[in-house]
Amino acid sequence: MPRTVISRKGIRYGLFFLGMFMIVAGVVLSIGALQYEFKQGSSGDYTGQPVYEYGMLTQQQQRVVDGALDGKTYVFDSSESLPGASSPGFRPKNVKVHVRGADRTFTYRIVFPATSPKGLGTISLIGGGLLAMFEAVRRQHFSTSWPWQTG
């Protein structure tokens, strides 16, 4: 039975393209790993934004607002449970809710959970891709650069 031999050039190209694929996959998966953080904010500048009425919020949004008033910080996978989170961004945004006769300011932002399983998987995928690409380039240009390699 004939034996198939993969050339060194094929291994280098394979490692390089595997690394590129891993990095692209990690970037795409990082979008799915993003989470929304919601907590009570400081009362500061708040102009041009609507003030949401507590009674007009859904029950889930009311529970989140009540918890945030008690000092809790909530983290969600989607922005459905957050009042006024129609256009989330990476910068913290303020939301003002009229609760119990006073206007309260809350802050929500998008965070990357680096210690969650999704975050760790994404970081590992991108790191592995960078390592594979580095190894492909090293094999191309510095094939005998490690002390244990001869000839």
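**Exercise 1. Salt bridges within one helix**

Determine how the side chains of Arg139 and Glu135 meet, and which further residue is linked with them in a network.

*Solution.*
Step 1. In this predicted model, a salt bridge brings the side chains of Arg139 and Glu135 together, at 2.8 Å for the neighbouring pair Arg138 and Glu135 and at 2.9 Å, N to O, for Arg139 and Glu135 themselves.
Step 2. Arg139 and Glu135 are both part of helix H3, 4 residues apart, which is about one turn of the helix. Arg138 and Glu135 also both belong to helix H3 (residues 117-141), with a spacing of 3 residues, again about one turn.
Step 3. An α-helix has 3.6 residues a turn, so residues three or four places apart point the same way.
Step 4. The further residue is Arg138: Glu135, Arg138 and Arg139 are linked in a network of salt bridges.
Step 5. The accessibility of each arginine completes the description. Arg138 counts as buried because its relative accessibility is 7%, under the cut-off of 20%. Arg139, at 34%, counts as partly exposed.

**Exercise 2. A salt bridge between strands**

Identify the elements that hold Arg109 and Glu37, and state whether each residue is buried or partly exposed.

*Solution.*
Step 1. The side chains of Arg109 and Glu37 form a salt bridge, with an N to O distance of 2.8 Å.
Step 2. Arg109 belongs to strand E5 (residues 102-111) and Glu37 to strand E1 (residues 35-40), so the pair ties together parts that lie 72 residues apart in sequence.
Step 3. Arg109 has a relative accessible area of 32% and is partly exposed. Glu37, with 13% relative accessibility, is buried.
Step 4. For the protein, the count of salt bridges comes to 4.

**Exercise 3. The pairing of strand E1**

Find the strands joined to E1 by bridges, and name the bridge partners of Phe38.

*Solution.*
Step 1. E1 and E5 run antiparallel and are joined by 6 bridges. Within E5, Tyr108 is the bridge partner of Phe38.
Step 2. E1 is also joined to strand E3 (residues 74-76) by 3 bridges, and these two strands run antiparallel. Within E3, Phe38 has Tyr74 as its bridge partner.
Step 3. Phe38 thus has a bridge partner in E5 and another in E3.

**Exercise 4. The nonpolar core and helix H2**

Establish which residues of the largest nonpolar core touch the most other members, and which element supplies the largest share of this core.

*Solution.*
Step 1. The largest nonpolar core has 16 residues, of which Phe38, Val65, Leu82, Val97 and Phe106 touch the most other members.
Step 2. At least two residues of this core come from each of E1, helix H2 (59-69), strand E4 (93-99) and E5. H2 supplies the largest share, 4 residues.
Step 3. In H2, the buried residues are Gln61, Gln62, Val64, Val65, Gly67, Ala68 and Leu69. They pack against E1, E3, E4 and E5.
Step 4. Apart from neighbours within four places in sequence, Val97 makes contact with Val51, Tyr52, Tyr54, Leu57, Ala102, Asp103, Arg104 and Phe106.
Step 5. After H2 comes Gly71, which has a positive phi near 100°.

**Exercise 5. Helices H1 and H3**

Describe the nonpolar surface patch that includes Tyr13, and give the separation of the C-alpha atoms of Gly127 and Gly19.

*Solution.*
Step 1. Tyr13, Phe17 and Met20 make up a nonpolar patch on the surface, together having about 320 Å² of accessible area.
Step 2. Tyr13 lies in helix H1 (residues 8-33) and is partly exposed, at a relative accessible area of 47%.
Step 3. Gly127 is located in helix H3 and counts as partly exposed at 35% relative accessibility.
Step 4. The C-alpha atoms of Gly127 and Gly19 are 9.1 Å apart, although 108 residues separate the two along the chain.

**Exercise 6. The protein as a whole**

Give the order of the elements, and state what percentage of the residues count as buried.

*Solution.*
Step 1. The protein contains 3 helices and 5 strands, in the order α-β-β-α-β-β-β-α from the N terminus.
Step 2. Of its 151 residues, 31% count as buried.
Step 3. Among contacts with a separation of 6 or more, 66% involve residues 24 or more positions apart.
Step 4. The accessible surface is about 10400 Å², and 58% of this surface belongs to carbon and sulfur atoms.

Technical notes. Residues numbered from 1 in each chain as written. Predicted model: local features only at pLDDT ≥ 70, side-chain atom pairs only at ≥ 80, totals over all residues. Heavy atoms only, no water. Patch = residues over 30% accessible without salt bridge, like charges linked within 9 Å, V, L, I, M, F, W, Y side chains within 5 Å. Areas by Shrake-Rupley, 256 points an atom, 1.4 Å probe, with all protein chains shown as cover. Buried < 20%, exposed > 50% of the residue type's maximum accessible area, 1.4 Å probe, protein only. Pairing = 2+ DSSP bridges. Core = buried A, V, L, I, M, F, W, Y, C linked by side-chain atoms within 4.5 Å. Contact = heavy atoms within 4.5 Å.
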